[in-house]
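Welcome! Take a moment to look over the sequence and turn the model around before you start the exercises.

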Amino acid sequence: MKETLKLFKIGGGVLDDDAQLHRFVQAFAQVPGRKILVHGGGKGASQMLSDLGIAPQMVQGRRITDAATLDVVTMFYAGKTNKQLVALLQASGVNALGLSGADGNVIRAVKRPVKDIDYGFVGDLPANSVDAATLHTLIQAELTPVLCAITHDGHGQLLNTNADTIASTVARALAGRYEVELHYCFEKNGVLLDVNDDNSVIPQIVPAQYQQLKADGVIAAGMIPKLDNAFAALEAGVEKVVIEHALNINEPIKTVLCRS
Ligand SMILES: Nc1ncnc2c1ncn2[C@@H]1O[C@H](COP(=O)(O)OP(=O)(O)O)[C@@H](O)[C@H]1O
Ligand SMILES: CC(=O)N[C@@H](CCC(=O)OP(=O)(O)O)C(=O)O
């Protein structure tokens with residue numbers, strides 16, 4: 001019987017608000033067993049870029065990352081955000097270890113090839129991009145890896161990688177060793193029938209239903225790549241995917257995605 005590993009992903013919303021971040025960290029500290037935290041921070045990074053006079057540019061949910069933008073997001077994700085999270089987790093009794101993909105070579109990415117759009121220093125994650133053995137060693141040493149959105153190409157180049165993609169790719173890579181639960185945490189109670197009504201959580205979604213909800217326009221915008229990633233992770237051996245409010249991870253209100 002494999003051990004359970006819970007992988008939580010948090011994004012810009014909760015990271016941007018000190019009070020919410022403290023509450024999330026306390027809730028995360030109470031989750032029993034083996035766990036990993038993956039964080040984004042896109043909202044705060046855009047603010048910092050604007051403050052520095054660099055216009056943030058997003059295309060299809062991905063940041064166009066030129067050299068100046070890469071410097072800022074590296075400082076913001078791998079520096080301030082990652083280290084602040086680790087310090088808060090340590091204060092809550094979690095022995096967190098903050099990592100970029102370059103540290104321990106845990107995530108080796110490939111610079112996105114230029115097609116219609118040049119995304120610059122954006123990294124995609126092909127198969128075998130995650131070093132599951134190293135992460136497994138850290139987890140077994142009772143450490144909680146805290147992964148940010150910065151990866152590397154193995155030739156000295158840092159790359160900016162979407163945090164939802166990191167979460168699902170790491171979950172898939174560890175699925176051979178653990179029963180992996182992938183938790184996408186954001187600022188709503190789950191996948192909603194009415195995006196403006198937090199009481200309309202859909203408790204369970206199977207792939208056929210997902211296609212219908214997409215066709216009907218119930219699921220839209222940023223939720224589509226998130227759920228595409230999530231169903232792909234289920235197909236690739238991840239045991240369970242949960243979409244839930246970052247402040248309610250120990251509460252029963254949530255959406256659970258199922259293979260069938
Ligand atoms: N049916 C739905 N239920 C919940 N959220 C939805 C739904 N359809 C679209 N969304 C939107 O998807 C967003 C989440 O995607 P995204 O902004 O990429 O997440 P994050 O940056 O928090 O990881 C929500 O803030 C919401 O506006
Ligand atoms: C390539 C790319 O788009 N990278 C993302 C990484 C951060 C992220 O994914 O943050 P959230 O999870 O908070 O959205 C970005 O720079 O916005």
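The exercises below go from single residues to the two ligands, each with a worked solution.

**Before you begin**

This is a predicted model, in which local features need pLDDT of at least 70 and side-chain atom pairs count only at pLDDT 80 or more, while totals for chains, interfaces and linings use all residues. Residues are numbered from 1 along each chain as its sequence is written, chains are lettered from A and ligands numbered from 1 in the order in which they are written, and side-chain values use heavy atoms, with hydrogens and water left out.

**Exercise 1. Describe the surroundings of histidine 39.**

Step 1: find the element. Histidine 39 belongs to strand S2, residues 34–39. Helices (H or I, at least four residues) and strands (E, at least two) are DSSP runs, numbered from the N terminus.

Step 2: is histidine 39 buried or exposed? Its relative accessible area is 0%, so histidine 39 is buried. Here buried means under 20% relative accessible area, exposed over 50%, and partly exposed in between (1.4 Å probe, protein chains only).

Step 3: list the neighbours. Not counting residues up to four places away in sequence, histidine 39 touches several residues, including Ile10, Leu15, Tyr77, Leu85 and Cys148. Contact means heavy atoms within 4.5 Å.

Step 4: look for a polar partner. The side chains of histidine 39 and asparagine 82 make a polar contact at 3.0 Å. A polar contact is a pair of N or O atoms within 3.5 Å; within protein, one must be able to donate a hydrogen and the other to accept it, and residues adjacent in sequence count only if both atoms are side-chain atoms.

**Exercise 2. Place leucine 21 and name what it touches.**

Step 1: leucine 21 is part of helix H2, residues 18–30.

Step 2: leucine 21 counts as buried because its relative accessibility is 6%.

Step 3: beyond four places in sequence, leucine 21 touches Ile10, Val14, Leu15, Leu85 and Leu88.

Step 4: how far apart in space are leucine 21 and serine 46? From C-alpha to C-alpha the distance is 18 Å, with these positions 25 residues apart in sequence numbering.

**Exercise 3. Follow serine 100 through its loop.**

Step 1: serine 100 is in the loop between S5 and S6, and its relative accessible area of 8% makes it buried.

Step 2: check the polar contacts. The side chain of serine 100 reaches the backbone nitrogen of alanine 102 at 3.1 Å. A polar contact of 2.8 Å also links the side chains of serine 100 and aspartate 103.

Step 3: look further along the chain. Leaving aside neighbours within four places in sequence, serine 100 is in contact with Val106, Cys148 and Ile150. Threonine 151 is 51 residues away along the chain, yet the two C-alpha atoms are separated by 5.9 Å.

**Exercise 4. Examine two residues with positive phi.**

Step 1: asparagine 105 is not a glycine, and its phi is near 55°. Asparagine 105 lies in the loop between strand S5 (96–99) and strand S6 (110–111). With a relative accessible area of 29%, asparagine 105 is partly exposed.

Step 2: alanine 221 has a positive phi of about 50°, although it is not a glycine. Its loop runs between helix H7 (207–215) and helix H8 (223–235). Alanine 221 counts as exposed, at 63% relative accessibility.

**Exercise 5. Work out how the protein surrounds each ligand.**

Step 1: how many residues surround ligand 1? There are 14, and the closest are Glu187, Leu192, Val218, Ala220 and Lys226. A residue is near a molecule if one of its heavy atoms lies within 4 Å of it.

Step 2: find the polar atoms. An oxygen atom of ligand 1 is 3.1 Å from an N or O atom in the side chain of lysine 9. For the side chain of glutamate 187, the corresponding distance is 2.9 Å.

Step 3: turn to ligand 2. Ligand 2 is surrounded by 17 residues, with Lys9, Gly12, Gly41, Arg63 and Tyr77 the closest.

Step 4: a backbone N or O atom of glycine 12 lies 2.7 Å from an oxygen atom of ligand 2. A polar backbone atom of glycine 41 is 2.9 Å from an oxygen atom of ligand 2.
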